[in-house]
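Work through the exercises below with the structure open beside you, and try each task before you read its solution.

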Number of protein chains: 2
Amino acid sequence: MPGKKSKMVKQSITIADVARVAGVSVPTVSRILNKKEYVADETRDRVNEAIKELGYVPHFQAQRLRGGASRTLALHYPVESPHLLSSVVATPYIIGAATAAGEQGYFLNFLISQLTPDILLNMYRSNQVDGMILLQVSLDDWRVNLLREYDYPFVMHGRCADLENLTFIDLDFETVMLQAFEHLVALGHREIGLLTYPQHWRTTTLAPATHAFNGYERALHKYGLQAFYRETDLRFEDSFAATDSLLDENPQLTAIVVIMTNHLTAAGSLQALAKRGYRVPEDCSVLGVGFGEFGQGITPSLTAFEWSSYEVSYQATQMMIEMLTQETRSPQQVLVPPKLVIRESTKAIR
Amino acid sequence: MPGKKSKMVKQSITIADVARVAGVSVPTVSRILNKKEYVADETRDRVNEAIKELGYVPHFQAQRLRGGASRTLALHYPVESPHLLSSVVATPYIIGAATAAGEQGYFLNFLISQLTPDILLNMYRSNQVDGMILLQVSLDDWRVNLLREYDYPFVMHGRCADLENLTFIDLDFETVMLQAFEHLVALGHREIGLLTYPQHWRTTTLAPATHAFNGYERALHKYGLQAFYRETDLRFEDSFAATDSLLDENPQLTAIVVIMTNHLTAAGSLQALAKRGYRVPEDCSVLGVGFGEFGQGITPSLTAFEWSSYEVSYQATQMMIEMLTQETRSPQQVLVPPKLVIRESTKAIR
DNA sequence: CTGAAAGCGCTTACAG
DNA sequence: CTGAAAGCGCTTACAG
C-alpha cells in the first residue's frame, strides 16, 4: 500500500476519506457540505479542517445522481447549420449569457457537439442541465418537438411555427423591415433595394427569413414601392454579386437595405457600390439591419436598425432561469424591437 | 399506481425497467448496451425491443460514476478577460473544433461559466471531461498550474511561460512580425507604423503581445527601421485614434501593420486614414496580421499574414484527442505559421 | 450465455 | 446533534 502522505493524483479523495480523517460518519460530512440541519460547531470545524487538509472536492456526478438541480444551463447551436453562427455567437452574446447565468449562480455551457435526440434527452435525464437555450430554431425543430413532448424546460432564441405554451425571445424581423423602409422613405428614397436571407431559408428552415420577407412585402405595399431584392447566401462574394445585379436591374436605386448576419454582408455590398463608382451615402444610402456589432466596423460606418446581442442573450438566460425558479410556468414570449443608430451611410435625398 | 401505458414524463426509465420488460437481469441489459461479451441473439432482440418500446436512454451520469472515459472535451475561454474572444471564437473556430471532435466520436462543450479551481478539478474528477483545451492562456495561468499539478490532460491554445512537458498550439506571432516587415520593406516601404496589443498585455497577461513585440523589435533592428507604433485596446475607436496619432507623429508613413483580433481594428485604422485623406493603398499600405476571417470583410480588402481559425482549432482538438488515446504522452508543441494573402490594401512604393 | 452481489460517491429519511 | 441503512442507475468481476 503506497504511503498516504504523497500527493494523491488522479485517485480521488472521497467523502469517506474526509469522514475517516475527521473521525465522523459520512452523512455528517455530507450535511456540512450541504450546510444542512444542525451540526455541532466543533464537529464542523474538524470536518472543514479535514476537507482542507485532503483537498477534497465533491464529486458532482455522484451528487447529481441522487437528484437535485444541476444549476447548469446550456446554449445549443446546431453546428450542422452554420448559417448565422457568427452573428449569434459574437463575443457580446457569449458574455451576456455568461453574465446572466453567473449572477444567479448558474453554470453555463455552450454545446457544440452534434446533438442527437438521445443525447439531448440525456442532458436532462442525467441532470447535466436544468434547462437549455436553443439557438437557430427552425420552424419545425426536432429539438423543440422532443423537449416539448418530454416537458423539459427550454427557451428558444428564435421561433418555431407552433408557439403554444412555449417561451421564446426573438428579434422582431417583421417590424424592423417596416421601420427600415419607413425611415428611408422619410428621407425621400423611393427606389430601394433589399439584400436579404437565402430563399430556401424562407420555406424550409428559419423563421427570420420568413418574418423579414413578410415585413418587406408589407412595406412595399404600405409605401407603394416597387420590389428590388435579392436573396443572398450572406457571404461576402454573394453580397457583392447581388448588389451588382441589383444595380444592373435598376441603376437608379438610391438606397439599399442590408440584412447583417455578420460584418461581411454589408461589406460586400459596400464594395460592389464602390466598384461601380457609387459613393455612399452621396449616391446611394445603405441601411443595415441586424446585430449592432456589425454596423460600426465598416467604412463608411453603417446607419442601422440594430439589436444588442449582449442584451438579447442576457435576457434569454434570465428567462430560462425564471422558468426554472418560478412555480407557475406561464410562457414568456418576447419580441425585441431594434434601435435605430444613425451613422454615416444614409442621407436624405434631393 | 398510475397506468404504465401513459407516456412516462420526467420519471426516467431505468435499466431495471428494461430488464423487467424483457424478462432478463439488469447486467444482461448492461452488457447489450455496451456491446460486450457473448449474448444470445434471442435475448438481445428481446432486450432491444424492450428498449425501443420503453424509449429507454442510459443515464450518462450513472455510467460515468463507475469510471470509464466520458469522451467529452471542453474548450475553456475565461470570460473575465474578453480581450480576444471575438477573434478566437469566430464561427470557423467553433466548427473546426466541433468537426475534429465529432470525427473521433467525442463530445465537445464550450465552457462559458466562471471557472474556479474547484470546478475545474471537478470537471475531471467527475468524469465530465477527459480533457480540456484552454484558450487565452496567460503567462502564469492558474488553470495550467493546477492541471499540471494534478496531471490532468489538457492542451493550450496559446502559451504560458514555463512550457516544460506541456502540449500547446500557438500562432507564431514573433515570426509573423518579421515577415510582415520584410514584406513591406521588399515593396520599398521604410516608414512603417504598427498598431499592436495593449501595453499591459505584454507584461501581465498574454503571450501574443510579448511575442509580437519581440518580433517587432527584431524587425526594426534587422531592417534598420525607425519605430512608429501604438499599443491600442483593439477597439474601433482606439484603433482610429492610434492611427491618427501615428500620422501626427509621422505624416510620411507609407505603410501600417495592424494586428487584427477582430475586424474592428483594421477598420478603425482604415477609417482614420480615409478621414485624413489618405487613399489605401495609393498613399498608404495597410497590412493585417491575424485570423483570416477579418481581412476580407473590409473596403479595401486587406492584404494579410493570416491564420485559419478552423485549422487551428481543428488541430488543437486533434492534439487533445491524441494525448488521450496514445499511451506515451510526449508533449506536442506546435507553432502555426501564417499564410500571406495578397488582397487590395498593399502596394509597392515608387 | 446469464444472474446475484458488490460498489462507484453521494444524499436522504430514519432512528437514536 | 450524529450514525446505520438504503438507494440513485449503472457496471464489473464472480459464479454458475
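Three exercises follow, each with a worked solution, and they concern a predicted model.

**Exercise 1. A helix and its buried face**

Task: Find which residues of helix α8 of chain B are buried, and explain why they line one face of the helix.

Solution: Begin with the helix itself, which spans residues 142–150 of chain B, and pick out B:R143, B:V144 and B:L147 as its buried residues. A residue counts as buried here if 20 or more other C-beta atoms lie within 10 Å of its own. Next, look down the axis of α8(B): the buried residues fall within an arc of 95°, so they line one face of the helix. A general rule helps here, since an α-helix has 3.6 residues a turn, so residues three or four places apart point the same way. Then ask what this face meets, and you will find that the buried residues pack against α7 (117–125), β3 (131–134) and β4 (154–157) of chain B. Finally, step past the end of the helix to B:D151, which follows α8(B) and has a positive phi, near 60°.

**Exercise 2. A sheet and a helix packed on it**

Task: Determine the order of the six strands in the open sheet of chain B, and identify its edge strands.

Solution: Reading across the sheet gives the order β7-β6-β8-β9-β10-β12, with mixed pairing. The edges are β7 (229–231) and β12 (339–341) of chain B, each of which pairs on one side only. Neighbouring strands of this sheet are turned by 15° against each other on average, if direction is ignored. Now take one pair in detail: β6 (residues 192–196) and β7 of chain B are joined in the parallel sense over three bridges, and B:L195 stands opposite B:R230 in β7(B). Helix α12 (residues 236–249) of chain B packs on the sheet, where it touches β6, β7 and β8 (255–260), and its direction makes about 155° with that of β6(B).

**Exercise 3. Where chain A meets chain B**

Task: Describe how many residues each chain brings to the contact, and which element of chain A gives the most.

Solution: Count the two sides, and you obtain 51 residues from chain A and 51 residues from chain B. On the side of chain A that touches chain B, α6(A) gives the most, with seven residues. Sorting the residues of that side by character yields 28 nonpolar, 18 polar and five charged. As a last step, examine the strands that cross between the chains: β2(A) and β2 (residues 107–111) of chain B run antiparallel and are joined by three bridges, and A:N109 has B:L111 as its bridge partner in β2(B).

Notes
Residues are numbered from 1 along each chain as its sequence is written. Chains are lettered from A and ligands numbered from 1 in the order in which they are written. This is a predicted model: local features need pLDDT of at least 70, side-chain atom pairs count only at pLDDT 80 or more; totals for chains, interfaces and linings use all residues. A residue is buried if 20 or more other C-beta atoms lie within 10 Å of its own, exposed if 12 or fewer, and partly exposed in between; C-beta atoms are placed from the backbone. Helices (H or I, at least four residues) and strands (E, at least two) are DSSP runs, numbered from the N terminus. The arc is that of the directions from the helix axis to the C-beta atoms. Two residues are in contact if their C-beta atoms, placed from the backbone, lie within 7 Å. Two strands pair if DSSP finds at least two bridges between them. Axes are lines fitted to C-alpha atoms, for helices over the stretch in contact, and angles run from 0 to 180 degrees between N-to-C directions. Ala, Val, Leu, Ile, Met, Phe, Trp, Tyr, Cys and Pro count as nonpolar, Asp, Glu, Lys and Arg as charged, and the others, Gly among them, as polar.
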